Amino acid sequence: MAMEITQFLSAAQSADARIRTEAEGSLRQFQEQNLPQFLLSLSFELASDDKPSESRRLAGILLKNSLDAKDSATKDHLVKQWFAIEVALKSQIKEQLLRTLGSSTLEARHTSAQVIAKVASIEIPQKQWPELVGSLLNNMTQQGSPAHLKQSTLETLGYVCEEISHHDLVQDEVNSVLTAVVQGMNQSENTAEVRLAATKALLNALDFSQTNFENEMERTYIMKMVCETACSKEAEIRQAAFECLVSIASTYYEVLEQYMQTLFELTSNAVKGDEESVALQAIEFWSSICDEEIDRQEYDSPDSGDSSPPHSCFIEKALPHLVQMLLETLQKQQEDQDHDDDVWNISMAGGTCLGLVARTVGDGVVPLVMPFVERNISSPEWRSREAATYAFGSILEGPTIDKLAPMVGAGLEFLLTATKDGNNHVRDTTAWTLSRIFEFLHSPESGFSVISPENLPRIVGVLLESIKDVPNVAEKVCGAIYNLAQGYEDSGASSSILSPYLTEIITHLLAAAERTDGAESKLRGAAYETLNEVVRCSNLSEASSIIAHLLPAIMKKLAETMDLPIISTDDREKQAELQASLCGVLQVIIQKLSGSDDTRPIIMQNADDIMRLFLRVFGCHSSSVHEEAMLAIGALAYTTGAEFVKYMPELFRYLQMGLQNFEEYQVCSITVGVIGDICRALDEQILPFCDQIMGLLIQNLQSDALHRSVKPPIFSCFGDIALAIDAHFERYVAPAIQIMQGAAQVCAQMDTLDEELMDYANQLRRSIFEAYSGILQGFKDTKAELMVPYAQHLLQFVEVVSKDSLRDESVTKAAVAAMGDLADVVGENPKQLFRNFTFCGEFLNECLQSEDEDLKVTARWTQGMIARLMISS
Amino acid sequence: MAPHEIRRPFKRRPISDQQKRRELSLLRQSQHRSDAQQRARNLASSVISLQSSSPDVDPEILFEAVPELDEGTESESSSFDVRQASRLRGPEARKWFARQLMLPEWMIDVPDNLSRDWYVLARPAGKRCFVVSSDGTTVSRVRNGSILHHFPSALPGGARKKGASGPANSYSILDCIFHESDQTYYVIDMVCWRGYSLYECTAEFRFFWLQSKLAETGACDPPSFYHKFRFSAVPFFNCDQSGLHSAYTGSLPYVKDGLLFYNKHAHYHTGNTPLVLIWKDESCSQYVIDTDNNGEVPDQQHIVLELQEEGKLVTSDDPPVPFSCLNADFVKQSGLLSGSLIRFAIGDGGLNCVDGRFEKADLQYIGVSNRARAFADSYSKIMFQYMARHSPLKVEDLASTISHENQQDKTPEVEMSD
């Protein structure tokens, strides 16, 4: 029976810390001693209208936390706990939850709706709560159901739909849910609260409605209800209805044709006259249509034949009106929108949508936008000038260079002058537009650039002047310099036209990064990122001495960060952020200077000092390993080669820390990659560290708590280690291959309909093959016989993969290579195996016919290796 | 129900520079991984295994020139790095390189399974040579080992050029024919590529490798400052009806000089091998019947044999085929030394064969052979020339063998050598 726990729940929220702690202790004790009773008591607490609202609130929170957690390992644990509870007791809890939906207290109803959805997410896929949908629907259809019960029932239906997959319900249930929801939207029958809950529920139920949307009658009915709801007199309901339309735009694009006229009028009215929250959704509807059409256009390559999804050209058909509608939004700017990252208003949404329209239709947008630009760009009113500039900048991606070049050529000087406009917004948008011009119309390598040797001095001069402007403008100028430099990335080996300006550009970027007035903006980050691009894209032979001078300057800055006063965690974060930027620059410099024999010695001479700095950066942050420093260390290991061994004693513990950082899995992943770099640098000198590294790597693979994306790099890393230490890998081979075989097994069982999962399966398979290749080649000539027992499994794995039509080219390549390695290394033994595995020939033939040159070459090599094996006697 | 997020990136680049750095690092790592694995695949075979099984190799020269070589080597094959060989100068180099080419036998009967196991290709007319690119230069040497050209090329390691592809120590060896009229090296086989030895690979593999690798270096591009001669891979065909027809009659950018047949499974074997065959007739070669020094076809067939101890006259085959014997007195009188190459004419008595095997010949002494020659004639060449003058093996014979094979796929050919 449920226990009386009100007093503990109330006390746990007391202002008095002593009382609070004591009560929390009691609750925890209860939970640990008898979880089922504890949960039952909480559900009674939540259900009782005579209990105080604070204790009911906490009861709801504790219930939710007993059913769901962000962390997947904890979540799994909670689910297991729930399954372990006796069925009869769980029924009681669920009964209380459903009862709460009829409570007179809004908050309790709301909490209960959420908790029901959490239980549903656990039980419905297991078919353990088949009566849930029925009893919810009953609330809706029963004569005289009070409005507040309907409202919370609809809310529950929405949450449940959000939590489960539509495969978990049978079509009859889907139909009933949808009917109930759509009826709840009916204006004449329901209160505003019910209609709002119904509309929000529909948003989540839309994903369930594939079958209903295929049926024209049902579809038209749903669309009619949504469109009517979009004209409700309550703004919040209108907004929810438009959210449904946005979702429909991307989920049911194919069937929208017949409703487009209505939808255009509806959205157009909303954009022109409705409240901003509604107007934003209406614009988003068109942005979503653009997304869909752009996707379809990109997908629609001539090779893919008839399989491409239909393209209804909605944007093209609506183009003149749509562009007109969007242009009208542009002059509704907010005064301070450039300073606040959280702002999202109608002019921003309109301009963004215009950019998407340009990408969707290309040249067609230009004549519709240019008259607006010309009419407003010289207006005395800043809103008009900014709107014109923004419109111009928005259409630079999509139309052809032929179409854009004359206008941009004619407008460039105007824009350069406008960087001196009296209005901050206009200057901000002007700088952004310049950066877009350099992004899309400055590609000397492919033969076109708006920048010539004649106007380059003027452009650089303007940019370096404007980078001193207020922080938000300076940040956009950094973007312009970034794209300017990028254009010259591959511009011939002998000389870069940008080289004479490098010193000045770098000086100005460093000055921008130093500014203190940019603290709240992203100026410093932008300045360093731009510096990176400038270094990366420079002509090494002309820039080597400039970069060589930059190196000590950045090292000095990094050293200075160690002395920053650290009082708060905020200070610590700022220090880490600055160190990240500077380590990033060092990484880029190391890689750049390592690119040539002439400049590599500069890094070699400084390697000790650079490494010491990185170790100090690690030392600043006891709790985690600094990601950017780790990335840079990888680059340094590659450059120094075998000499890197001297850093290992000190570095090693940070590598271990990195490998154990499950929380920031990116750090873990990068550390795995860096270990690969170090293996290649050190070869067998990595050996003394291998026991510990392999131990951690295997542990990581076995852990459920580590983000799965780190696992493929770990398998690849096995290959790196094996290749470095050759025969010494013997002691790891059994556990390593056991896990590889297990992972191969897992891949075979993955849901092939889940694209993201298939992507992951491909990465996993590729990395397992890479591990096999590394181990095989490492054992060549010394321990090849160790791999004999695994030959059969490897070939089976290749066979499974070869028969999978969803594998990508990189997997194929790795599979073929591993097969060749087996034939190359293991010698006589697998000969019979290769005979038995008849798929080999077919698979090789398929690879030999590939378009991919690399794959063909690998396949030929493998063919040679197998042929050599077969004809040897 | 989470609020529907509609905020989109505004005036921002979609990718952060940090993400770019991560991605570039990943890219670099995966390239290095693939390089390292590629290196592992090739390293173990980067030293050429040199089969010096023919007894007349001059071991002194070879061993003197290669100090690193273990003097105690007693096995028949010795390892020899081509980079060391490329340091050989003068006669040593000539001697060494002269032994590196795989030499076809002449086709005197049609091999088994022609359509299944053999490739056919039209041999370009010109000088057969060995092209070695290493240490920033390219050297071509003709059959007797002397240098034809010394030039920069786009082959791996073939020119002193900054940013040239591949590591500095990479080298390549190609088996070519230099075709004068278009100044092109037609590549018929690939022996080493980027330090990776193909000696132990099948012809099937070498040919595929050749077709794919050569073009990617730019070696097939027109000549330029760093690339003095154009290279071109000779097209090859499966030796079925259509392949034979293409090689025999197809139009090619070069003048043909017979057809070459390669057994698909054969490794690159230095010296004479029956797994590569040459065949010619009037319509695919200007030089079916040997000419004399004046370029005229002599009335009688001339052959060159090597004089051995006790006056034995043998072919260049391995093992050598004894052809005849010179009278010891005659040897003494004429001052001929053992090892000399001597030219004979075949008299009216001709060559006598029993069961397809040579038994005796009517030889007429002409004199010591021209000094440019490095080898005696091979048995198959003598027989082919003899047949060409009396009862040639015709292209129709090849074609009918192939069609016969197709009809009775598994019946072995009747006319095998044994």
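The following paragraphs describe a predicted model of two chains, A and B, beginning with their interface and ending with individual backbone conformations.

The interface draws unequally on its two partners: 39 residues of chain B are in contact with 79 residues of chain A. Between them, the chains bury about 5,200 Å², and 52% of this area lies on carbon and sulfur atoms. Charged interactions also cross the boundary, where four salt bridges are found between chain B and chain A. One of the residues involved is Arg33(B), which forms a salt bridge with Glu770(A); their closest N and O atoms are 3.8 Å apart. The interface further includes seven residue pairs in polar contact, with both members at pLDDT 80 or more.

Which helices of chain B each supply at least two residues of the side that touches chain A? They are α1 (17-43) and α6 (203-216). Of the elements of chain B, α1(B) gives the most to this side, with 16 residues. By residue class, the side of chain B that touches chain A divides into 13 nonpolar, 11 polar and 15 charged residues.

Attention now turns to strand pairing within chain B. Strand β15 (residues 302-307) is joined by five bridges to strand β18 (residues 341-354), and the two run antiparallel. Within this pairing, Leu305(B) stands opposite Ile342(B) of β18(B). β15(B) is also joined to strand β16 (residues 312-314) of chain B, in this case by two bridges and again in antiparallel orientation. Here Glu306(B) has Val314(B) in β16(B) as its bridge partner. β15(B) and β16(B) form a hairpin with four residues between the strands, and in this hairpin Glu310(B) takes a positive phi near 60 degrees.

Most residues other than glycine have a negative phi. Two further residues, one in each chain, depart from that pattern. In chain A, Cys313(A) is a residue other than glycine with a positive phi, near 55 degrees. Cys313(A) is located in the loop between α16 (276-299) and α17 (314-329) of chain A. Is Cys313(A) buried, partly exposed or exposed? Its relative accessible area is 27%, so Cys313(A) is classed as partly exposed, the buried class being reserved for values under 20% and the exposed class for values over 50%.

In chain B, Asn113(B) likewise has a positive phi near 55 degrees. Asn113(B) lies in the loop between β3 (102-106) and α5 (114-117) of chain B. Because its relative accessible area is 22%, Asn113(B) too is partly exposed.

How values were computed:
Residues are numbered from 1 along each chain as its sequence is written. Chains are lettered from A and ligands numbered from 1 in the order in which they are written. This is a predicted model: local features need pLDDT of at least 70, side-chain atom pairs count only at pLDDT 80 or more; totals for chains, interfaces and linings use all residues. Side-chain values use heavy atoms; hydrogens and water are left out. Contact means heavy atoms within 4.5 Å. Buried area is the accessible area (1.4 Å probe) that two parts lose on being put together, summed over both. A salt bridge is a side-chain nitrogen of Lys or Arg within 4 Å of a carboxyl oxygen of Asp or Glu. A polar contact is a pair of N or O atoms within 3.5 Å; within protein, one must be able to donate a hydrogen and the other to accept it, and residues adjacent in sequence count only if both atoms are side-chain atoms. Ala, Val, Leu, Ile, Met, Phe, Trp, Tyr, Cys and Pro count as nonpolar, Asp, Glu, Lys and Arg as charged, and the others, Gly among them, as polar. Two strands pair if DSSP finds at least two bridges between them. Buried means under 20% relative accessible area, exposed over 50%, partly exposed in between (1.4 Å probe, protein chains only).
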